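Open the model in your viewer and hide everything but the backbone. The stops below say what to select and what is found there.

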Amino acid sequence: MKAIQTIIRPVVTEKAIRMNDSFTYSFYVNQKATKIDVKEAVKELYGQEVGNVTMSYRPKKTRGGRGRVATKRQRMKVARVTLKGRAKIDLTRVTKEKKK
């Protein structure tokens, strides 16, 4: 699977931004992507070495509001990537490394 097809977009929430301080980044990924695919995609797109990858799904149904109204949303696969060392990623910039 290509890197562009693997990572859909970064997760931009308050919790995800706070996790960036501990060198952990969250991305919405393709449903068929594996941990190895995500690891290779981050290395190719952002040029950083990945230490650990955890995968989870965003819930499909939620309840909220005053009347506890049930809402449905699209089910998304989320990957949390922890970088090796003290490396940082600029999520607004994608850099592709040249293949050797």
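**Stop 1: the main core**

Select Ile7, Phe27, Val29, Val38, Val42, Val81 and Leu83: these have the most contacts inside the largest nonpolar core, which has 18 residues. Now colour strand 2 (24-29), helix 3 (35-46), strand 3 (50-57) and strand 6 (77-83), since each of them supplies at least two residues of this core. Helix 3 gives the largest share, 5 residues. Keep in mind that this is a predicted model. In soluble globular proteins, nonpolar side chains tend to be buried together.

**Stop 2: Phe27**

Centre on Phe27 and ignore its neighbours within four places in sequence. What is Phe27 then in contact with? The list runs Ile7, Arg9, Pro10, Val11, Val42, Tyr46, Lys77, Val78, Ala79, Val81 and Leu91.

**Stop 3: the second core**

Next select Val11, Tyr28, Met76 and Val78, which are among the 5 residues of a second, separate core. Val11 and Val78 were also on the contact list of Phe27.

**Stop 4: the largest pocket**

Keep Val11, Tyr28 and Val78 selected and add Thr13 and Arg80: of the 13 residues that line the largest pocket, these five lie nearest its centre. The space in this pocket is about 200 Å³. Which elements each supply at least two residues of its lining? They are helix 2 (14-19), strand 2, strand 3 and strand 6. Helix 2 contributes the largest share, 3 residues. Colour the lining by residue class to finish: 7 are nonpolar, 3 polar and 3 charged.

Conventions. Residues numbered from 1 in each chain as written. Predicted model: local features only at pLDDT ≥ 70, side-chain atom pairs only at ≥ 80, totals over all residues. Heavy atoms only, no water. Core = buried A, V, L, I, M, F, W, Y, C linked by side-chain atoms within 4.5 Å. Buried < 20%, exposed > 50% of the residue type's maximum accessible area, 1.4 Å probe, protein only. Helix = DSSP H or I, 4+ residues; strand = E, 2+ residues; numbered from the N terminus. Contact = heavy atoms within 4.5 Å. 1 Å grid on protein atoms, 1.4 Å probe; cavity = no way out; pocket = protein on both sides within 12 Å on 5 of 7 lines; lining within 4 Å. Points joined across faces, edges and corners; volume = space filled by probe spheres on them. Nonpolar A, V, L, I, M, F, W, Y, C, P; charged D, E, K, R; others polar.
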